[in-house]
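Trainee: Got a minute to go through this one with me? I'd like to start with the nucleic acid and then move to the chains.
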2 protein chains.
Amino acid sequence: MHSVLVASRSADQRDSSRESRNGTPQLDAVSLAIIQQLQEDGRRPYAAIGKAVGLSEAAVRQRVQKLLDQGVMQIVAVTDPLTVGFRRQAMVGINAEGDVESIADALTGMSEVEYVVMTAGSFDILAEIVCEDDDHLLDVINKRIRALPGVRSTESFVYLKLKKQTYMWGTR
Amino acid sequence: MHSVLVASRSADQRDSSRESRNGTPQLDAVSLAIIQQLQEDGRRPYAAIGKAVGLSEAAVRQRVQKLLDQGVMQIVAVTDPLTVGFRRQAMVGINAEGDVESIADALTGMSEVEYVVMTAGSFDILAEIVCEDDDHLLDVINKRIRALPGVRSTESFVYLKLKKQTYMWGTR
DNA sequence: GGCCACTTCTGCGAAATCCGCAATCCACGC
DNA sequence: GCGTGGATTGCGGATTTCGCAGAAGTGGCC
């Protein structure tokens with residue numbers, strides 16, 4: 001774990017965040033390095049991160065807080081739901097007509113829905129569902145998702161086994 | 001944030017983990033409560049967690065360490081890859097013949113593959129791919145995934161917009 | 001250039017947290 | 001009853017977090 005960034009910090013590296021046209025903050029190399037550190041260990045002390053990225057402890061703390069406030073990242077515990085008591089999971093592909101985004105928003109509001117993404121291809125939306133049991137899953141898919149206005153059809157893929165789950169973007 | 005668990009801790013709650021038949025550790029109510037706390041904030045101090053679940057700081061620390069060692073959970077920073085410089089993501093549905101699990105294992109080994117799950121339904125495997133650009137994505141899907149022995153066909157769903165991403169199982 | 005407003009970074013002391021360890025408690029089997 | 005093993009507690013000392021004031025860099029403006 002050596003210091004990755006020792007270059008003379010100047011100009012473009014100094015603005016840690018700046019709004020770009022689509023509203024998502026622009027991240028500089030140092031912030032990316034900080035995120036990378038926290039992707040390896042979400043509890044790594046600020047001083048250790050600072051040593052790795054070439055910043056003081058206080059500066060790292062300030063940047064991390066900002067990244068959290070901006071919603072760029074979140075530091076959380078992640079698990080395999082199957083080991084935590086949720087026995088049924090499924091990915092649901094949805095075909096929609098009309099205002100697809102409002103359907104996606106409706107899905108976002110459901111607590112059983114973990115993940116919603118709008119896609120190109122033979123589905124318009126993919127949504128991941130986490131449920132306690134089969135009845136619960138059936139209920140969510142048939143009664144609640146299919147009932148949404150604009151949903152034309154759905155196709156479900158029940159999870160049999162989770163093989164990989166990583167959060168190491170940039171750590172390649 | 002009140003103390004959720006003040007019941008007289010005894011018998012079944014005391015064994016924080018025990019192997020069940022499928023190899024996944026069995027979690028008791030206290031460990032679930034700890035995980036839940038860390039799903040809200042991965043950096044929450046052990047003492048605060050202890051107060052919430054009714055355990056001493058040292059006990060929480062020991063349990064968390066064990067959960068991490070066992071691989072039941074990981075505490076990490078998660079981001080929306082699009083804001084971190086990965087412009088193309090896709091979910092790939094795979095139809096396979098023969099040893100499906102070995103295909104899943106091969107996918108697991110690819111750094112661009114974030115998520116692999118074996119499913120029931122019209123796909124045998126779903127895999128999430130995170131790439132820098134279109135060329136990279138095309139390369140992974142056509143050259144590497146389709147080249148795996150046993151892969152009969154694939155269908156890709158390119159991500160247009162990530163709408164939701166949560167890690168709040170049990171926090172309902 | 002000079003000045004001001006704004007943001008980011010640094011240094012540092014106080015408070016809180018983390019860490020390791022020995023002692024204690026409890027369920028269980030003999 | 002007694003020993004064994006796992007889980008929990010209590011408690012110092014080392015480390016980390018926190019808040020803040022001052023310094024440094026940036027960009028706009030005259």
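Mentor: Sure. Start at Lys66(A): an N or O atom in its side chain sits 2.5 Å from a phosphate oxygen of DNA strand C. That is a polar contact, meaning a pair of N or O atoms within 3.5 Å; within protein, one must be able to donate a hydrogen and the other to accept it, and residues adjacent in sequence count only if both atoms are side-chain atoms.

Trainee: Before I get carried away, what kind of model is this?
Mentor: A predicted one: local features need pLDDT of at least 70 and side-chain atom pairs count only at pLDDT 80 or more, while totals for chains, interfaces and linings use all residues. Residues are numbered from 1 along each chain as its sequence is written, chains are lettered from A and ligands numbered from 1 in the order in which they are written, and side-chain values use heavy atoms, with hydrogens and water left out.

Trainee: OK. Which residues come nearest to DNA strand C?
Mentor: Ser56(A), Arg63(A), Lys66(A), Tyr46(B) and Arg61(B), out of 14 residues around the strand. "Near" here is a heavy atom within 4 Å. Of the strand's atoms that come within 4 Å of the protein, 61% are sugar and phosphate.

Trainee: And what does Arg63(A) do there?
Mentor: A polar side-chain atom of Arg63(A) is 2.5 Å from a phosphate oxygen of DNA strand C. Ser56(A) uses a polar backbone atom instead, 2.7 Å from a phosphate oxygen of that strand.

Trainee: Which helix gives the most to that surface?
Mentor: H3(A), with five residues. Helix H3 (57–70) of chain A and helix H3 (57–70) of chain B each supply at least two. Helices (H or I, at least four residues) and strands (E, at least two) are DSSP runs, numbered from the N terminus.

Trainee: Switching to the two chains: how many residues are in the contact?
Mentor: 69 from chain A and 69 from chain B, with contact meaning heavy atoms within 4.5 Å.

Trainee: How many salt bridges cross the interface?
Mentor: Six, each a side-chain nitrogen of Lys or Arg within 4 Å of a carboxyl oxygen of Asp or Glu. One of them joins Asp105(A) to Lys163(B), with the closest N and O atoms 2.9 Å apart.

Trainee: Which element supplies the largest share on the chain A side?
Mentor: Strand E7 (residues 151–165) of chain A, with eleven residues.

Trainee: What about E7 in chain B, which strand does it join?
Mentor: Strand E5 (residues 113–120) of chain A, antiparallel, through six bridges; strands pair if DSSP finds at least two bridges between them. Within that pairing, Met118(A) has Lys161(B) as its bridge partner.
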